[in-house]
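Trainee: I should like to examine this structure through its fold, its cores, its salt bridges and one of its pockets. Please answer each question with the reasoning first.

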Amino acid sequence: MGAGVGPGEGVGRVVARDQSVVNMNSGALIVAAFCLAACEGNASDSGADQPSAFPPGMQPPAQSQADARPPAVPFYATTPRVSPRVIRSWPHDTAAYTQGLAIYHGRLLESKGLLGQSEMRDVDVTTGSVRRKVALPVNEFGEGITAVGDRLYQLTWRGGRGHIYDPATLTPTDSFSYAGEGWGLATDGRMLYMSDGSSRIRVVDPIGFREQRAIQVRERDSTVWLLNELEWVRGELWANVYQTDLIARIDPQAGRVVGWIDLGKLLTAAQRQDVVRRGGVANGIAFDSVRNRLFVTGKLWPRLFEIDFAGIHGSAVPRP
């Protein structure tokens, strides 16, 4: 997902307040209020509306879930946390602002974001080269993807419109609409799971895209927000937490975080420095359920990694 030209830029900025503001004249107070409302980050999990600091007739810029500060996860030291073992890695397009990753019949599909650059791609795992791609309209910001049967679904960030493709050819076949922001998308083979950057994951019927229920995600007593790219992995729902190196392993029935996967050590120090400088973050999970292969990457990352699925899935999970 993204804000402005894309996430990774100035999220959760705080504007310092000074007592000298009381001495400003009324015109300066209006300007100060404008700056505070436009620049101050949202620390909540849902980006709830705040009282307007704008004078009548002046509308604030639209807010996004991406304006929230990242949660300080993990909240509890007792929740299992695993640094995955890398099995192998391959080149990844460093210009790809990865928003979604999926495996379809052994092929790697990738949704690339940013306005004017968004694409649906069929990518060669071993070389990172793009075998086939479809560009989105220049005013759409590509987001999460998943395939159900012979339909490949792709969200867009704030357009309220998604695309459906033939996953074998990437030929566009249909579209759908939804309210709010679109971030991550996954499937259990029957229903769709959709994130919007909050702590809430929608469970959606893929035919008609009607919401059936919602999952509120928590680690014990603490809400976990900024849920981004999603993947269904052997009965668990996995979610990148935006602006962090962590993937939450979620019980999809209770919404409880049962474990964490820490991707912080996958990149070298030099690679990480370059990615951070260019606004990249960890994002992208694809599970090959046929071969039990698990792939992860990130926005603008130089490598795609296959990590040890058995080592993660076999890690201890606390009882409710």
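The exchange below takes these topics in turn.

Mentor: This is a predicted model, in which local features need pLDDT of at least 70, side-chain atom pairs count only at pLDDT 80 or more, and totals for chains, interfaces and linings use all residues. Residues are numbered from 1 along each chain as its sequence is written, and side-chain values use heavy atoms, with hydrogens and water left out.

Trainee: How many helices and strands are there in the protein?

Mentor: Helices (H or I, at least four residues) and strands (E, at least two) are DSSP runs, numbered from the N terminus. On that basis the protein has three helices and 23 strands.

Trainee: What share of the residues of the protein count as buried?

Mentor: Buried means under 20% relative accessible area, exposed over 50%, and partly exposed in between, with a 1.4 Å probe and protein chains only. Of the 320 residues, the share that is buried is 52%.

Trainee: Which elements give two or more residues to the largest nonpolar core?

Mentor: A nonpolar core is a set of buried Ala, Val, Leu, Ile, Met, Phe, Trp, Tyr and Cys residues joined through side-chain atoms within 4.5 Å. The largest one has 20 residues, and Tyr193, Ile201, Val217, Val224, Leu237, Ile250 and Trp260 have the most contacts inside it. The elements that give this core two or more residues are β13 (200–205), β17, β18 (236–241), β19 (246–251) and β20 (256–262).

Trainee: How many residues has the other core, apart from that one?

Mentor: This core lies apart from the largest and has among its members Val233, Leu266, Val275 and Ile312. Its residue count is 19.

Trainee: Why does the salt bridge of Asp122 with Arg107 tie together parts of the chain that are separated in sequence?

Mentor: A salt bridge is a side-chain nitrogen of Lys or Arg within 4 Å of a carboxyl oxygen of Asp or Glu. In this pair the closest N and O atoms are 2.9 Å apart. Asp122 belongs to strand β5 (residues 119–123) and Arg107 to strand β4 (residues 107–112), so the parts joined are 15 residues apart in sequence.

Trainee: Is Arg132, another partner of Asp122, buried or partly exposed?

Mentor: Asp122 also forms a salt bridge with Arg132, with 3.6 Å between the closest N and O atoms. Asp122 itself is buried, at 3% relative accessibility. Arg132 has a relative accessibility of 37%, and therefore counts as partly exposed.

Trainee: Which strands hold Glu306 and Arg293?

Mentor: The side chains of these two residues meet in a salt bridge at 3.0 Å, N to O. Glu306 is buried at 5% relative accessible area, and Arg293 is buried at 16%. The pair is 13 residues apart, with Glu306 in strand β23 (residues 303–307) and Arg293 in strand β22 (residues 293–298).

Trainee: What is the volume of the second largest pocket?

Mentor: On a 1 Å grid over the protein atoms alone, a pocket is an open set of points where a 1.4 Å probe fits, with protein on both sides within 12 Å along at least five of seven lines; lining residues have an atom within 4 Å of a point. Grid points are joined across faces, edges and corners, and the volume is the space filled by probe spheres set on the points. For this pocket the value is about 480 Å³.

Trainee: Which of its lining residues are the closest to its centre?

Mentor: The second largest pocket is lined by 20 residues. Strands that each supply at least two of them include β3 (98–104) and β7 (142–148). The closest to the centre are Ile103, Ala147, Thr187, Phe287 and Ser289.
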